[in-house]
Amino acid sequence: MTEVFRFGLVPIACRARNEDRSQVALSLNNNEVNIYGRAASEWKLQETLQGHDLRVTGIDWAPSTNRIVTCGANEYASQPGGRDAMALFTSRGPVAGPSLFLLG
């Protein structure tokens, strides 16, 4: 059966779910990743991850490590047109802050 949930009026740019599908990571067309957890019949915001300067363009959630990797539209003066990827970790994760990888 299909279920419909609303996360606001802003378009969802990208999303990923954790292994048991009890949490979903969403980017609402901005530079943040919101993590929602299922509570009974609704989704509740649990955490907001930040680190990108511009819009998040992709999210993946690794099932075995529970790590979230994101891509963003960030641009750097040293790399015109360059993009980045970040490994973001929740407050329950093994690392306190994001790691930044520059892509050419």
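In this predicted model, two strands help to line the largest pocket. Strand S1 (14–17) and strand S2 (23–27) each supply at least two residues of that lining. The pocket encloses about 180 Å³ of space. Its lining consists of Glu-3, Phe-5, Phe-7, Ile-12, Arg-15, Arg-17, Arg-21, Val-24, Leu-26 and Trp-43. Six of these residues are nonpolar and four are charged. No polar residue takes part.

Arg-21, one of the lining residues, sits in the loop between S1 and S2. Its phi is near 65°, a positive value in a residue other than glycine. Arg-21 is exposed, with a relative accessible area of 53%.

Leu-26 also belongs to the pocket lining, and it ties the pocket to the strand pairing. The bridge partner of Leu-26 is Asn-34, in S3. Strands S2 and S3 run antiparallel and are joined by four bridges. Four residues lie between these two strands in their hairpin. One of the hairpin's residues, Asn-29, takes a positive phi near 60°.

The pairing continues from S3 to S4. Asn-34 has a bridge partner in S4 as well, namely Thr-48. Strand S3 (32–39) and strand S4 (42–50) are separated by a loop that contains Ala-40. These strands also run antiparallel, and eight bridges join them. Their hairpin has two residues between the strands. Ala-40 has a positive phi of about 60°, although it is not a glycine. With a relative accessible area of 74%, Ala-40 is exposed.

The cysteines were examined next. The structure holds zero disulfides. Why does Cys-14 form no such bond? The closest cysteine sulfur to that of Cys-14 belongs to Cys-71 and lies 8.6 Å away, so the distance is too far for a bond. A disulfide requires the two sulfur atoms to be within 2.5 Å. The case of Cys-71 mirrors this: its closest cysteine sulfur is in Cys-14, at 8.6 Å, again too far for a bond. The surroundings of the two residues were also compared. Cys-14 counts as buried, at 10% relative accessibility. Cys-71 is partly exposed, with a relative accessible area of 32%.

Conventions: Residues numbered from 1 in each chain as written. Predicted model: local features only at pLDDT ≥ 70, side-chain atom pairs only at ≥ 80, totals over all residues. Heavy atoms only, no water. Buried < 20%, exposed > 50% of the residue type's maximum accessible area, 1.4 Å probe, protein only. 1 Å grid on protein atoms, 1.4 Å probe; cavity = no way out; pocket = protein on both sides within 12 Å on 5 of 7 lines; lining within 4 Å. Points joined across faces, edges and corners; volume = space filled by probe spheres on them. Nonpolar A, V, L, I, M, F, W, Y, C, P; charged D, E, K, R; others polar. Pairing = 2+ DSSP bridges.
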